[in-house]
Amino acid sequence: MPHLDDEQMMTILTRARHERNGAVVRILGTTVRNTLNFMATVAETVLRLLPVAMTPQTRASDR
């Protein structure tokens with residue numbers, strides 16, 4: 001294993017930190033995108049079911 005001086009070590013650590021931060025940002029971005037897609041799907045479903053929910057329900061006892 002070659003000996004690294006302090007500057008080389010700092011360069012390696014800085015690069016590793018940047019790569020890790022990039023990975024965290026990608027994971028967060030994916031999570032946010034998935035959450036927004038899920039919320040859009042829920043909103044779409046609610047809007048589709050709203051007219052059914054708004055119509056007065058007839059119960060068997062009302063007939």
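This report walks through a predicted model of a single helical chain.

**Overall picture**

The chain holds 1 helix and 0 strands. Helix α1 covers residues 6-54. With 49 residues at 1.5 Å each, α1 should span 72 Å, and the 70 Å between its end C-alpha atoms agrees with that. Of the 63 residues in the chain, 0% are buried. The accessible surface comes to about 6,200 Å², with carbon and sulfur atoms supplying 65% of it.

**Along the helix**

At the N-terminal end of α1, D5 acts as the cap: one of its side-chain oxygens sits 3.3 Å from the backbone nitrogen of E7. Further along, α1 has a kink of about 30° at R48, shortly before the proline P51.

R48 also takes part in a salt bridge with E44, whose closest N and O atoms are 3.1 Å apart. A search of the whole structure finds 1 salt bridge. Side chains of opposite charge can pair when their charged atoms come close. E44 and R48 are 4 residues apart in α1, so about one helical turn separates them.

**Accessibility of selected residues**

Here are the values for the two salt-bridge partners and for M54.

| Residue | Relative accessibility | Class |
|---|---|---|
| E44 | 48% | partly exposed |
| R48 | 56% | exposed |
| M54 | 65% | exposed |

M54 counts as exposed because its relative accessibility of 65% is over 50%. M54 also belongs to a nonpolar surface patch of about 920 Å², made together with V32, L36, F38, M39, V42, V46, L47 and L50.

Methods: Residues numbered from 1 in each chain as written. Predicted model: local features only at pLDDT ≥ 70, side-chain atom pairs only at ≥ 80, totals over all residues. Heavy atoms only, no water. Helix = DSSP H or I, 4+ residues; strand = E, 2+ residues; numbered from the N terminus. Buried < 20%, exposed > 50% of the residue type's maximum accessible area, 1.4 Å probe, protein only. Areas by Shrake-Rupley, 256 points an atom, 1.4 Å probe, with all protein chains shown as cover. Patch = residues over 30% accessible without salt bridge, like charges linked within 9 Å, V, L, I, M, F, W, Y side chains within 5 Å. Salt bridge = Lys/Arg side-chain N within 4 Å of Asp/Glu carboxyl O. Expected span 1.5 Å × (residues − 1). Bend = angle between axes of the 7 residues up to and from the residue. Polar contact = N/O pair within 3.5 Å; in protein donor to acceptor, adjacent residues only side chain to side chain.
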